[in-house]
Amino acid sequence: MLDKNKYGIVDIIGVTFVVVAIISAGGIYYTASTYSDISNTLTSASVGVTEFNITHYEDTGTYEFLTTLMINNPSNLDINIYSVEFNIYAYPSESFGLDLSHYIATGRGIQAGNSTISKESTSYIYQRLTTTSNSIEDNIINGATFAGLSGFILYEIVDYPEVTKKVYFGYWNWVTIHES
Amino acid sequence: MSRDSYIPWKIKLIIWSISGGIIVAFFIGMNIMSWATSFNPGGTMIFISPLVCGFILGILTWEFEISHTVFGTILLTITATIGIIFVLLSPKIFGVAEFIEGYYLYVIQNIILTVVLTFPVSLLGAIVGKFLTGTAILSPQLKAERAFIRAETEQWYQMLEEYIEAKEASGAPLPFRRNEEDAEK
């Protein structure tokens, strides 16, 4: 009754349609898993201050601030730290809260060669800042000061450079001034 | 739908509709997530993919009723929407991250966009595909048979009208009931 050849073409189109849909389903799952990996990286990567030392050099009168940041990347994507910025504050006691008038100095930069944090790993970034500011001396009590460190890192996901994030860190504690 | 087939026509319709929805979801999802994937089909594919998938669905359902084709496009739209929801909520589905409240508004916006884009465009494509396929695939013999049946039906209706007029002219009651007026009589 009908032209059998033309009826066969419709069947071929139907089978091809289903095959393309199966391939597309794989693409949808791949996109979803990629998005999940990126989201996991953005929410799990963290930064913390593991060490903060202040050294006073009597010969030059300078104060050197050595900061050690620990970057933890438990995700399965590599991240690249491309910027670090922080402010240093010093207080004579803990009662000042976040008083910005006790600002000492600002540190910026990233140590060369230590910018990429591999997946599922932890790395350390060292930031060294030297200042001749005398304002810190007003906040030293018995060779120590209540120091505050507040800043952020900017990182990007290596495989997806368009994805960036800013992560904040802070440190507030008594720090002994080392004399050198 | 009376031709022999291992798969019932209803199952075929559902499979084809879901397949079309998955393909549409793939292209729209790729466009939304273009920043996270290396394959970017371009913004125009969010219009072209439902149109082409609807057209193919119309080709596949050329011998079905038009209502079945419309049902197919509705199922296609629903499937595409589910696919988009899966992509956008995948971090929560996979349990790797939680969303801020504002993100759900973004998801709803994309769902509305998917529905508004997919359903009318795919329906248009399906109707056009069904019409073109019906015109192209119907063999000349079948067309001639349909024309003969149509002419024979018209001839029967004309004979019936002439019979009714003759009965009314002679005043004899009709042996059947044409409408409510005859029932009251």
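Q: Which residues does B:Thr69 touch, not counting residues up to four places away in sequence?
A: In this predicted model, B:Thr69 touches B:Leu57, B:Thr61, B:Ala126 and B:Lys130, where contact means heavy atoms within 4.5 Å.

Q: Why is B:Thr69 called buried?
A: Buried means under 20% relative accessible area, exposed over 50% and partly exposed in between (1.4 Å probe, protein chains only); B:Thr69 has 1% relative accessibility, and therefore counts as buried.

Q: What makes the pairing of the side chains of B:Thr69 and B:Thr61 a polar contact?
A: A polar contact is a pair of N or O atoms within 3.5 Å, in which, within protein, one must be able to donate a hydrogen and the other to accept it, and residues adjacent in sequence count only if both atoms are side-chain atoms. The two side chains make such a contact at 3.2 Å.

Q: How many salt bridges does the rule find across the interface of chain B and chain A?
A: The rule, which asks for a side-chain nitrogen of Lys or Arg within 4 Å of a carboxyl oxygen of Asp or Glu, finds 0 salt bridges across this interface, whereas 3 residue pairs are in polar contact, both residues being at pLDDT 80 or more.

Residues are numbered from 1 along each chain as written, and chains are lettered from A and ligands numbered from 1 in the order in which they are written. Local features need pLDDT of at least 70, side-chain atom pairs count only at pLDDT 80 or more, and totals for chains, interfaces and linings use all residues, while side-chain values use heavy atoms, with hydrogens and water left out.
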